[in-house]
Amino acid sequence: MHSDNDNCPAPFMGQEPAGRIDGQDGIPAGFSFLPDGIYLEIAPSEPQWICSPPKVSALFCDGAARNWGRLVEVRDRDGNWHVFPVFDNILSKSAKSVLSDLEGLGLHVPRKKGRGELISTLIADWAPTRRLVTARRLGWTDQSMSNFVLGSGKVVGSIKVLPVDDALTSLADQICTRGSLDDWKNTVAQSCVGNPLLLLAVSLAFSGPLLELLDLDFGGGLHLRGTSSCGKSTILRAAASVWGSPQLMGSWRATANGLEGVAAARNSMLLVLDELAEISGKEFGATVYMLANGVGKERMGRFGSTKETLRWKLAILSSGEIGAAEKLSEAGRRQTAGQEVRLVDIEADMRAFGAFDDLHGATDGAIFADQLKAYSAGVYGSAGPAFVKLLIEKRDEIQSFSDRFLKTFEASAEKLLGAGAGGQDRRVLKRFALIAMAGELATRFGLTGWGRGVASNAAFSAFADWQDRRPTAGDAENLALEKTRSWLSAHANQLVHLTHPTAPVPPNPVGWRNFTHVFLPGGTWHEIHPANEAVAAAKQLKILGALLSGDGANMTRKAPREIRGRPRVYMLRLEHVLGEPANTQPSADDIGALKVGT
């Protein structure tokens, strides 16, 4: 439905713009186009009204000069114009079906004998001068990178391209625009400032068009892993708003075949998938490879019996309470290096307020998340097309800029973080470098309102965190739930409370805590579970969900940045090891007190 507030209409629908092609262009002899309709000139003084006004505004064919057709425009009773591509072979075989489709768009045809045949003749013989080339894919239409098709039928670039694949455009009708770019910058983009995970996700959303433009052969993206209600889905919505409405958010629940069509409909853009838990572990691994590699199965084409294979290059943003490695373990499988590189795991619940660091005046993370959700639902879809438009205009400069930027980013990371010259580290580093570059380009284009270097810092920090969590041998230790509870009851007042930085800190703390987690160093861990008890108990707590392990078989992880020196620690969820909800916040008088449930 068309409305003034939501610009997600059917393809090519809208009021007739000024300068539209003259309805008389190429009209067959004997017919006249007038404001109220088409007339048949039986005699100079007695023209006969045939129907409300259609126009054939262009002829079209594919890139091989085949599959010819004509673009028919129909005005409905409310004055809106709808554009409908009619293939010549369909018109000759089923003129009645074509007429029925046009009536469905608003063409008014009197119920008089022979009127349908007259209209079919009118359309078939109309020969306008305008020519279009059809495109049966969304995103970049060909190797020239001069045209980019969006889901609403809008083309960024040359107006000589006509998207005609209904199967794909129907899957992409939420790639549309609501509100202005300035509105988006002042709400969604501004909310990203001070929030590294938001900056990272929105920068990722801008990276989709760069993959094919720069001939980069590493599709894939990021997976945000964290506890329920930490803000993961809100981040996904913000990233989706670069290209369209919140309905762009999909789910891992879809089958691999279903995701293939959705991926093709997001070509050169962003694929957003929530709730990793909803796909089977057995199917997940192959699906990640398919989405990241950008090649679907062979299927029947639109024309005749020709088979075609769907292809795409896109950025992927995923979320879930578990990571890829844990999902694969459900099917008795281990995560491969290729899977880890294609969908990089990002912790999304370790910031100051869940997934967020700066609440921009909101009193808590939930209120900030609700505010950002409202922004993403009210203003969307302007930044992505604007980004593509500027990429087309400046594509001669983009290649040299990208070469310099990627090399500089990677060299800086390798120098400061010790990333290897090859292998997984370098492949993951390239992904973060691309994300950083996309965010910086969008900023230089004036689309975000962020300062220069902000997107790069967010990507650099995320890569550093990923590298910190890479598993190392010999970190696995044992833990028993009852012993842990007993120890916490006896030593609660000795834990350093991270949310109260002014409290005194002993030289060798036995552990740390905040409102949601407890962090115990290895020395404390061995005190609780001596000798050979450690391994089995740690695995038990992990199964129970009380222990948040590192990647793979690693039971420890890097401490949060609030802990000096960031030693490797055992991270426990208070909600699981205590008898009260994890979000219960003690008063100032209760600093250091830890109520342990029975």
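A residue is buried when its relative accessible area is under 20%, exposed when it is over 50%, and partly exposed in between (1.4 Å probe, protein chains only). Helices (H or I, at least four residues) and strands (E, at least two) are DSSP runs, numbered from the N terminus.

Before you start: this is a predicted model, where local features need pLDDT of at least 70, side-chain atom pairs count only at pLDDT 80 or more, and totals for chains, interfaces and linings use all residues. Residues are numbered from 1 along each chain as its sequence is written, and side-chain values use heavy atoms, with hydrogens and water left out.

**Exercise 1. Get an overview of the chain.**

Step 1: Count the elements. You should find 20 helices and 25 strands in the protein chain.

Step 2: Check burial. The chain has 598 residues, and 53% of them count as buried.

Step 3: Look at contacts (heavy atoms within 4.5 Å). Take those with a separation of 6 or more: 70% of them are between residues 24 or more positions apart.

**Exercise 2. Work out how strand β18 is placed.**

Step 1: Find residues 315-320. Six of the six residues of β18 are buried, so the strand is largely enclosed by the rest of the structure.

Step 2: Split the strand by direction. A315, L317 and S319 point one way, while I316, S318 and G320 point the other way, and all are buried.

Step 3: Look for partners, remembering that two strands pair if DSSP finds at least two bridges between them. β13 runs parallel to β18, joined by six bridges, and G221 has I316 as its bridge partner there.

Step 4: Now try β15 (residues 270-274), which pairs with β18 in the parallel sense over four bridges. Here, L270 stands opposite A315.

**Exercise 3. Describe two residues with positive phi.**

Step 1: Recall the usual case. Most residues other than glycine have a negative phi.

Step 2: Take D215, whose phi is positive, near 55 degrees. D215 sits in the loop between α6 (196-213) and β13 (220-225), and is exposed at 62% relative accessible area.

Step 3: Take H360, with a positive phi of about 50 degrees. Its loop lies between β19 (343-347) and α12 (365-378), and H360 is partly exposed at 30% relative accessibility.

**Exercise 4. Place L138.**

Step 1: Find the loop between β8 (131-135) and β9 (139-140); L138 is there.

Step 2: Check the surface. L138 is buried, with a relative accessible area of 2%.

Step 3: Jump 126 residues along the chain to A264. The C-alpha atoms of L138 and A264 are separated by 7.4 Å.
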